Amino acid sequence: MKIVSVVGARPNFMKIAPFIKAIRKYNELNGNDIEHHLVHTGQHYDDRMSRSFFEQLEIPDADINLGVGSGSHAEQVGRTMMEFERVIKDIKPDWVVIVGDVNAILACSVTAKKEHIKCCHIEAGLRSGDMGMPEEINRLVADRISDLLLTPDRLSTDNLKNEGVPDKKIRFTGNIMIDTLEKNRQKAANLDINEIIKENSVNESWKGINKLAQESFAVMTLHRPSNVDTREVLEPIVRFVLDEVCSDMPLIWTIHPRTRKMLEIFGLFGEVMSHPNLLLLEPLGYLEMLKLNMNARMILTDSGGLQEECTVLGTPCLTLRWNTERPITLMEHGGASVLVGNNINNIRNEYLRAKNKSRQPVKPELWDGHTAERCLEAILDFKADN
Ligand code: UD1
């Protein structure tokens, strides 16, 4: 059997790593039955957004890099489709496997299906209901046309059933990203927070701050266009964290390239850089971010993956979004996250509550570190049944 799996952007890497390991393990036991090709679309290309994840998570170099780079969504998707079509015409795989919700999944699922190749979506069925979110469009298209939909939780399975997807296309396999978390927990625990700060600092703030103790600091990540692309939204968030969070505790802000660019455009970057209690860090590697999450008093974020990691680690999480495609991470479903949107009063109220909350780890069903094996099994079974 030939499988082409596709990655494009940072959140894909921790999802593909365990899948590739599962293939390797299967091949060791079954005489290299599966011929696997890894395709990187090249949407993320900086070392810190891509290479460092390949190294830390021991992902083999991509066999093919499509080199699509940055651009508008139409440019990224269009370029990916043109390049990916050439690749699959050449390799003629039995399956194309896509993970998560970045632009690669839309481009590659459509291209695969037009070439009559079976497509499997790992992390299928998530729905935010927010069509203003590019990822929601990617998810809807990929799930509509894929042959095999592997869901991370039962809520996602229900979403697919409610959309009329036949049962035989759906398998509840669990959350593949948690395979990576479980595998790397100990390695991350061994890191030193103060070394992470020193080595990844954008500025010199760390020199003026005492060594950080366990749960004495907050961590923030922001990158969604809805939070960072307009001054009206971004500036009040920046004011809140500088004036209120930073006067309570040190705040580590790991800065995404998009957000850094927007802070510079809005003339806010200098102020962020010079605040004495704000530690501005470059985008971190997987292990470094996991270590911060394991030790933070709370996380403020608009990332989907961090909401899930906070749930498993129990870190109180303020999700700066009005909706989430991952409701299982919300407190009302037993998780660690609360939606605060980008309204400062909401953010403040939940921030004050989170400050007094203790860490409460949760394990949703099948977030057990063995999702990748179940995903591969589902693909192999599908072949047997059809
Ligand atoms: C993408 C994903 C998003 C995911 C996020 C994680 C889509 C629709 N979005 O958004 O779901 O949560 O990745 O990071 O696929 N840039 C660099 N270096 C890079 C990559 C990007 O400097 O290696 C800069 C470029 O200026 C680019 C901007 O970041 O224009 C945004 O990158 P892009 O890939 O368009 O989307 P993300 O916001 O990263």
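**Entry 1: Arg260 and its partner**

I began with Arg260, which at 25% relative accessibility counts as partly exposed. The model I am reading is a predicted one, and I kept that in mind while going through the side chains. I then looked for the acidic partner of Arg260 and found Glu282, the two side chains meeting in a salt bridge with an N to O distance of 3.7 Å. Because Glu282 sits in the loop between β10 (278-281) and α13 (286-295) while Arg260 belongs to helix α11 (residues 257-265), the pair ties together parts that are 22 residues apart in sequence. I also looked up the accessibility of Glu282, and with a relative accessible area of 23% Glu282 is partly exposed.

**Entry 2: a pair within one helix**

Next I turned to Glu83, which forms a salt bridge with Arg86, and I noted 2.9 Å between the closest N and O atoms. Both residues lie in helix α3 (residues 73-91), and because they are 3 residues apart there, about one helical turn separates them. I then asked myself whether each of the two is buried or exposed: Glu83 has a relative accessible area of 28% and is partly exposed, whereas Arg86, at 52%, counts as exposed. The cut-off for exposed is over 50%.

**Entry 3: Asp368, and the wider search**

I went on to Asp368, whose salt bridge with Arg374 has its closest N and O atoms 2.7 Å apart. For Asp368 I noted a relative accessibility of 33%, which counts as partly exposed. I also followed salt bridges that share partners, and these join Lys15, Asp101, Glu123, Glu136, Arg139, Glu308, Arg321, Glu325 and Arg326 into one network. For the total, I recorded that a search of the whole structure finds 35 salt bridges. As a general reminder to myself, side chains of opposite charge can pair when their charged atoms come close.

**Entry 4: Asn65**

Finally I looked up Asn65, and I located it in strand β3, which covers residues 64-65. Which residues does Asn65 touch, leaving aside its neighbours within four places in sequence? I found Asn65 in contact with His40, Thr41 and Gly42. I then checked the side chain of Asn65, and one of its polar atoms lies 2.8 Å from the backbone nitrogen of Gly67. My last look-up was the separation between Asn65 and Val6, which are 59 residues apart along the chain and whose C-alpha atoms are separated by 9.9 Å.

Key: Residues are numbered from 1 along each chain as its sequence is written. This is a predicted model: local features need pLDDT of at least 70, side-chain atom pairs count only at pLDDT 80 or more; totals for chains, interfaces and linings use all residues. Side-chain values use heavy atoms; hydrogens and water are left out. A salt bridge is a side-chain nitrogen of Lys or Arg within 4 Å of a carboxyl oxygen of Asp or Glu. Helices (H or I, at least four residues) and strands (E, at least two) are DSSP runs, numbered from the N terminus. Buried means under 20% relative accessible area, exposed over 50%, partly exposed in between (1.4 Å probe, protein chains only). Contact means heavy atoms within 4.5 Å. A polar contact is a pair of N or O atoms within 3.5 Å; within protein, one must be able to donate a hydrogen and the other to accept it, and residues adjacent in sequence count only if both atoms are side-chain atoms.
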